[in-house]
Protein chains: 2
Amino acid sequence: MDRVKIAVDAMGSDLGAGENVQGAIDYFSDSVGPVEIVLVGDEKIISSELEQRGGMNLPISILHAGSVITMDEHPAKALRAKPDSSIIVAMAAHKKGLVDAVISAGSTGAAMAAALVVLKPIPGILRPSIAVLLPTLKDVVVLLDAGANLDSKPEHLLQFGIMGSKYCEYVLNREKPRVSLLNVGAEEAKGTETVQKAHKLLADSELNFIGNIEGMDLFTGDVDVIVCDGFVGNVILKIYESLKDFVTEVIQRAVAQSSLAKLGTSILKPAFSDILIQLDYSKQGGAPLLGVEGTVIICHGNSPAKAIKATIRNTYYRVKSDLNKHIATSIKDYVE
Amino acid sequence: MDRVKIAVDAMGSDLGAGENVQGAIDYFSDSVGPVEIVLVGDEKIISSELEQRGGMNLPISILHAGSVITMDEHPAKALRAKPDSSIIVAMAAHKKGLVDAVISAGSTGAAMAAALVVLKPIPGILRPSIAVLLPTLKDVVVLLDAGANLDSKPEHLLQFGIMGSKYCEYVLNREKPRVSLLNVGAEEAKGTETVQKAHKLLADSELNFIGNIEGMDLFTGDVDVIVCDGFVGNVILKIYESLKDFVTEVIQRAVAQSSLAKLGTSILKPAFSDILIQLDYSKQGGAPLLGVEGTVIICHGNSPAKAIKATIRNTYYRVKSDLNKHIATSIKDYVE
C-alpha cells in the first residue's frame, strides 16, 4: 500500500517547532496507516529537534523553508513578502504532488490565503470554508463556517452544507448525515433574509436537511452538520474554547463552597479531567479547510504534540477518503 | 413614598397563570420597596388563583383582559386580531400612566410588538432592543441585542451600546460601565464592514468603550456590556439556556465513570446545585426591552414564580432609576 505523504508546517505555531516535531514522532507509536511525514521549515531547528527527540529513524523527512509567517502578520501581505515561508513551501509541495496533504498550526489567515492562492478552489466552489469538529454530549458535530467567511450569502451556506455532509459521509463514515441550519427559531420563516433563503436551498437539495437548530441544540449531538455564517461560527468556536476552563472553574467553586465537599475533590478530580479533555475541541484533530484542490488541515495555534498527532491520524483517513472528488461531483449538480 | 405600580401579564406563559400569581404574592414576603401589582388577564382565573394561594390581602389588583396571545401565534397578526389580549391591555394601562411598568412571560414577539405599537420608541432610538443579563464568573453582563433586531446596522449597534451602558449605570449602579463589541478578533480591523463601522462609532462616542471581545470572553465577566447583532445574540442566549443542563450532564458523567466517585456525589450535589442556579439566566430577573417609552421586562416563557418575583424586584429598581430620561438625553447627542 502506498504511503500517505503528509506535510506538517513545523514553524509559526505558538508553542514552537518542538511540539510539531513531537506530534510527528508520536504518530508512529501507534500509527493507523502507512504515513511519511515531511516537516517543513528551518532545517537546522527541525533536525536538531528531531535528533533530541529520537525521531531520526522514522519515515520523517525535512523540507527546508527560509522564513516563517508569524501570528501577528497580515496574511496577504506576508504571503507576498515571504515566498519562502514554511506555509507557502508546504502548499507548493502539495500543488506539485510531492505531498498529499498539509497540516499547519501557524497563522490561520496565512494558511487559508496560501491554500487559496496556491491550490485554488475546487471548480464550482464559491468560498472554501473552515470546518471545525466540536465535541457534544454524543459524537462530534461538524460546524462550518468557523470564521473564514463573514457575511455569507445563501449559496455559500448551501455549499457549506454540501461540503460538511460529504465530509461526514466519507471521512467520518456516517450514513445520511443530518445537516442543520443555525437560526434564531425552529420555523423556516425565522431569521434574516439570507438565512431564510439558505433554508429553502438546503431543503430543495439532495442533502438530508433536517431544518433549523438553535443555540441550545449545539451540545446535544443530535445533528451531524451545523451550517452557519463565519461570524457566528467563530463566536461559537471560541465559546467552546473557553468551555473547559469555565466548567473547571464552576466545579472548583462548587467544591470550595462546601467544607464537606473537600473530601470529594481528590476522588472526583481524575474523573473530571477525563470529561474535560473530551470537551476540548483542540484535541479533536484540526479543522479541515474544505473546498480547495487539496487536503489542508488547520490546527489551533497552541496545539500540543497530542493534537498534532491526532491531526495526522485524521489526515490519513481524509486522504484515503477521496473527499474532494465527492465534493466536486456533488457541487456540479448545483452549478448552472 | 409613592408605590411603584407594576402590571404583570398573568396569561400566555408556558406554565400558566398560577406561577405569575405566585411570583406576585412572593414579592411581598421580602419586598425591596413599596409596590402595587396589577395582574392582567382573565379575572376569574386570576382571582381564583389569588384566593387559592392566599394572596387576597396583599396590594395586588386585577385588570381584566378578554383574550390571550399564545406562543404559536404570529405576533403582528395576533395583535390586530386580539385588541383585548392581556399584553395589549397591560401596555395600554402603561401608556395611560395607570401603571409604571409591564412584565410579561408570554410571547416575546407579541410583547415587543405591543410595546412598539402602544408605547412607541424613545425619540431618536432607531431600534428598541432586548437586553439580557447573563451570569458570568464575576457579575452579570448586559448583552444586547438578544434577538429583536437581526441584520443590525452600525448606528443600531452604537445605540445598543448607549442603552446598555445607561442600564448598567443607572439600574445596576456601575460606574463607567465597560462597553465591548462582540467580534471575531481583538483588532479594530476585524469583522464585517458593519462591525468595523460600529467599532469606530463606539470608539468615537462618550462611552467607556474597551474594544472588541471574542467568544471566549463571554464567561469571564471582565466587561459590563456586550454589543452584538440580534442573530448572534440570540444564539448566545440559547447556548446559555442549555449550559446548566450541559454542565449537569458533564458532572454526572464524571461521577458515573468512577466507582469511587459515587461516594462524592451526595456530598457535592448541594454545592453544585447552588452554582448551577447561578448559571441559569432565567433566574436573573427578566430581559429589559430598552428604547421604548416605558418600562417593559420580558421573561422567559417558562419562568417559575421565583423568576417572576426576581423580575418584580428588578423592575422596582428600574422604575426608580429614571433610565429612559438618561437614555433620551444621551441619544440626543448622537442625532443630527
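Let me open with a puzzle for you: is Asp322(B) buried, partly exposed or exposed? Keep that in mind while we walk through the structure, and please remember that this is a predicted model. I'll come back to Asp322(B) at the end.

Let's start with strand 2 of chain A, residues 35-41. Seven of the seven residues in strand 2 are buried, so the strand is largely enclosed by the rest of the structure. If you look at its two faces, both are covered. On one side you have Val35(A), Ile37(A), Leu39(A) and Gly41(A), and on the other Glu36(A), Val38(A) and Val40(A), all of them buried. Yes, that list does include a glutamate, Glu36(A).

So who are the neighbours of strand 2? One partner is strand 1 of chain A, residues 4-9, which pairs with strand 2 in the parallel sense over six bridges. To find the register on your screens, look for Ala7(A), which stands opposite Val38(A) in strand 2. Another partner is strand 3 of chain A, residues 60-64, also running parallel to strand 2, with five bridges joining the two. Here the pair to look for is Val40(A) opposite Leu63(A) of strand 3.

Now follow the chain between these strands. From strand 2 the path goes through helix 2, residues 43-52, to strand 3 of chain A, and this β-α-β crossover is right-handed. There is also a right-handed β-α-β unit made by strand 1, helix 1 (residues 17-27) and strand 2 of chain A.

Next, a helix pair, still in chain A. Two packed helices are described by the angle between their axes and the distance between the axes. For helix 4 (residues 86-95) and helix 5 (residues 108-119) of chain A, the axes come within 9 Å and cross at roughly 35°. The crossing of helix 4 and helix 5 of chain A is right-handed. Helix 4 brings Ile87(A), Met91(A), Ala92(A), His94(A) and Lys95(A) to the contact, while helix 5 brings Ala110(A), Ala111(A), Ala114(A), Ala115(A), Val118(A) and Leu119(A). Sorted by character, the residues of this contact are nine nonpolar, one polar and one charged.

Let's hop over to chain B and its own helix 4, residues 86-95. Eight of the 10 residues in helix 4 of chain B are buried, so to speak a mostly covered helix. Among the buried ones are Ile87(B), Ile88(B), Val89(B), Met91(B) and His94(B). After helix 4 of chain B comes Gly97(B), with a positive phi near 85°.

That brings me to the backbone oddities. Most residues other than glycine have a negative phi, and most peptide bonds are trans. In chain A, though, Leu144(A) and Asp145(A) are joined by a cis peptide bond, with omega about 10°. Asp145(A) sits in the loop between strand 7 (141-144) and helix 6 (154-170) of chain A. Chain B has a cis peptide bond between Leu144(B) and Asp145(B), where omega is about 15°.

What about phi? Lys176(B) is not a glycine, yet its phi is positive, about 40°. You'll find Lys176(B) in the loop between helix 6 and strand 8 (179-182) of chain B, and it is exposed, with a relative accessible area of 67%.

And finally, back to my puzzle. Asp322(B), another non-glycine, has a positive phi of about 55°, and it lies in the loop between helix 10 (305-320) and helix 11 (323-332) of chain B. The answer is that Asp322(B) is partly exposed, with a relative accessible area of 41%. Thanks, everyone!

Technical notes
Residues numbered from 1 in each chain as written. Chains lettered and ligands numbered in written order. Predicted model: local features only at pLDDT ≥ 70, side-chain atom pairs only at ≥ 80, totals over all residues. Heavy atoms only, no water. Axes fitted to C-alpha atoms, helices over the stretch in contact; angles between N-to-C directions. Helix = DSSP H or I, 4+ residues; strand = E, 2+ residues; numbered from the N terminus. Left-handed = near helix turned anticlockwise from the far one by under 90°. Contact = heavy atoms within 4.5 Å. Nonpolar A, V, L, I, M, F, W, Y, C, P; charged D, E, K, R; others polar. Buried < 20%, exposed > 50% of the residue type's maximum accessible area, 1.4 Å probe, protein only. Pairing = 2+ DSSP bridges. Right-handed = clockwise from strand over helix to strand, strands pointing away.
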